[in-house]
Amino acid sequence: MQNMVASVTGLGVLTGLGSSLEELRQRLNAGESSLVPLGEAGWEERLGSRVAGPRLRELLKRRKDAKLLPRAAQLALPVAAMALGQVQDRESVGLFVGVRREPPDDGAADPAIAASLDESGHLDTGLLSRHGRSLYPPLLPLQTLPNMVLAHVAINLELMGPGDALCGADCAGVQALRLAIHAIAEGRCEVALVIVADSPIDGPSLRDRGRMGQDGPVGEAAVALKLERAGHKDSLMELRDGGAGGQDGPRPGDCAHREQLGACELVDPVLELLLGSGHATGVEASGAWARVLGSEVHISRVL
Amino acid sequence: MRRVVVTGMGAITPLGMDLPSTWRALLAGESGVGPIARFDATDFPVRFAAEVDLPDAHDEGQLKLDLTARALNEALAGQGLPDLDPRRIGVCFGSEAARPTLDVVASRLRTGHIPGAEELMRNAPAAPTQFVAERIGAQGPCWTLSTACTSSSQAVGEGMLHIRRGDVDVMVVGGVDVLVNPVMVTGFSLLGALSCRNGDPQAASRPFDLNRDGFVLGEGAGVLILESLESAQARGAEILAELRGYGASLNAYRITDSPPDGRGASQAMENALQDGRLNAAEVGYINAHGTSTPMNDASESRGILKVFGADASPAVSSTKSMMGHLVAACGAVEAIVAAMATRHGVLPPTINLDNPDPACALDHVAHIARKQTTRHALTNAFGFGGSNGSLLLSSWEG
């Protein structure tokens, strides 16, 4: 494997404890917590950490698109703008996004389905076509595509380089970071933007987490990193993709700040990388079926 | 730079339950489009699709895994995998989440039932990747790409890069999608993306034709076994094609619309050519994305003309005219079609191309297959959200 190293030259961070890495570090060190009862119907007692806002008006090319943005994209857009800063040639910027899953529909199609049930409560496709269809949100298929974070950031920041959306559950953030390091090291783009954003605070996500036995506090968070060639003059830190087999980093899930920010499994490894441990570790395709699959992968700060 | 070759291919499409039957139907110009059989679509505005002939599965997630398994089995049937350390074998798949069937949603509304952990995992975008990894015991990289209609094109391309950079020696790559259900037919028809030619479904998918009015929903799966040239030669495997280049780009335009100037499409094709170290003039065939929507086909044509020049268009066809739009699976299946075209020296046609749109002035392979020795072929995939992928495949000449 080639020497896969890249410089981080821009950062954007958005969490329940601040909108910069410095603020987040200070508030974590001060012992603050952003966990509060969620208050969602059915989830009143559950603790979670929300990000206030964010304000999107200045970032959207077309303000009417605001209603199209799933929550993860609302979080991603400001951190992407923060990290990217003033880049002259945006048309060649690569964009690599990690998402945990497709944005949930949050019950948006339920009224259409409810209007399509027959007297015995079973679905009648004739009723769906005649009555339910008019209640079906026409933009829902687009709002629930996994690549909507990628799409909205690319459109609003006018990024036209190579782009990918990784959707490998909790490991997707680390994979997006790997992909961006590869793209820089191999010269497929001069500047790459990595975005890892997730909001597990909605009915379907909380319900699904419960079914998977994940009942602890949750938090929404987003991180963006601008990467350029290793040794760049504006480097904030250098990152190395150690590839498979790294064993000296923290295991996925061992996250120091969960008591203060809640769990955001997609973003947590990248926050760990930035905050202190200097490592981001994930297991690609980790044990979803009968046995553990894939490799543990490891990204580290170069000291 | 390590060279990457194809040593196995499998395809399940609306035209056939394996690659040979699909290829025969493509060359014969047959259509896989027909009235929707999976549910009663009598009252729907769009009542046809390109369905795979499979018995009803338990749910959409299970159907995706069934299709994946069949395509994988076919890809492995010929030459299998080399005997390698499992960490030297990876998986890269393009797919998206499986939607619960309407009956499941109705049941949830009626009874408050919520899905169990197994169902959640089966319906997740990464489920086919994990399924393939489990089947073959892969312990190398396992990646899931989800960029709508570009997903599996990018999965094939990223798989190639993994081998090139030496992470692994073999990548099992591909894509799968199953979207012919009442919700997606409703959603896509409300977006105005689907053809409404209910009176003549087999004429509905007509890429580059002046009277095209939208795409036809399809479904299927495609799997390719990618291998380093050294590995393939060491075990004496027959090489079916060389995967030579991959290019990606973003439109940065609109969620559903393609830029009229074809800029994202042309950038992806140029990147693939550059990656494969070829000149445009060396490409003999393009398997176009060619969805049959007014906007895509005009934009893609503009992109092709920009890259190849107005008087130098390679032969172009869109096999979506026959198998419909396989969405997240189309990139992998159409890469297989491009590989077959270079291998057998015959180009599948675009059917229903009765009146070529002047805005799509290309060298179309219209109606009937064309015998043409083609060393290098491009295949394009463009997705909602503005993701573009192009793959460059070449015949293997030793």
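Chain A contains ten helices and eleven strands, where helices are DSSP runs of H or I with at least four residues and strands are E runs of at least two, numbered from the N terminus. This is a predicted model, in which local features need pLDDT of at least 70 and side-chain atom pairs count only at pLDDT 80 or more, while totals for chains, interfaces and linings use all residues. Residues are numbered from 1 along each chain as its sequence is written, and chains are lettered from A and ligands numbered from 1 in the order in which they are written.

Let's stay with chain A for a while. Of its 303 residues, 55% are buried; a residue is buried if 20 or more other C-beta atoms lie within 10 Å of its own, exposed if 12 or fewer, and partly exposed in between, with C-beta atoms placed from the backbone. Contacts tell another part of the story. Two residues are in contact if their C-beta atoms, placed from the backbone, lie within 7 Å. Among chain A contacts between residues at least 6 apart in sequence, 75% join residues at least 24 apart.

Two helices of chain A show what burial looks like in practice. Helix 6 (residues 148–157) of chain A is mostly covered, with ten of its ten residues buried. Among them are A:Met148, A:His152 and A:Asn156. Just after helix 6 of chain A comes A:Glu158, with a positive phi near 60°, although A:Glu158 is not a glycine. A:Glu158 sits in the loop between helix 6 and strand 5 (163–166) of chain A, and it counts as partly exposed because it has 14 C-beta neighbours inside 10 Å. Helix 10 (residues 268–275) of chain A is also mostly covered, with seven of its eight residues buried. The buried residues of helix 10 of chain A include A:Asp268 and A:Glu272, along with A:Leu271 and A:Leu273.

Now find the open sheet of chain A, where three strands lie in the order 2-3-7 with mixed pairing. Strand 2 (36–37) and strand 7 (218–219) of chain A are at the edges with a single partner strand each, so one side of each has no neighbour in the sheet. Strands pair if DSSP finds at least two bridges between them. Strand 2 of chain A runs antiparallel to strand 3 (residues 47–49) of chain A, and two bridges join them. Here A:Pro37 has A:Leu47 in strand 3 of chain A as its bridge partner. In the loop between strand 3 and helix 2 (71–84) of chain A you will meet A:Pro54. The peptide bond leading from A:Gly53 to A:Pro54 is cis, with omega near -5°.

Moving across to chain B, a good place to begin is strand 6 (residues 170–178), which has nine of its nine residues buried. Both faces of strand 6 of chain B are covered, with B:Val172 and B:Val176 among the buried residues on one side and B:Val173 and B:Asp177 among those on the other. Strand 6 of chain B pairs in the parallel sense with strand 4 (residues 89–94) of chain B over six bridges, and B:Ile89 is opposite B:Val170. With strand 7 (residues 219–228) of chain B, strand 6 pairs in the antiparallel sense over nine bridges, and B:Val172 is opposite B:Ile225.

Chain B also has a non-glycine residue with a positive phi: B:Ala148, near 55°. B:Ala148 lies in the loop between strand 5 and helix 6 of chain B, and it counts as buried because it has 27 C-beta neighbours inside 10 Å.

Next, look at a helix pair in chain B. Helix 9 (residues 263–275) and helix 10 (residues 294–308) of chain B pack at about 45°, with axes 7 Å apart; axes are lines fitted to C-alpha atoms, for helices over the stretch in contact, and angles run from 0 to 180 degrees between N-to-C directions. The two helices are therefore oblique to each other, a label for whatever remains once angles under 35 degrees are called roughly parallel, over 145 roughly antiparallel and 65 to 115 roughly perpendicular. Among the residues that meet are B:Ala265 and B:Met269 in helix 9 of chain B, and B:Gly303 and B:Val307 in helix 10 of chain B.

Finally, the chains come together: 67 residues of chain B are in contact with 61 residues of chain A. Helix 7 of chain B gives the largest share of the chain B side, seven residues.
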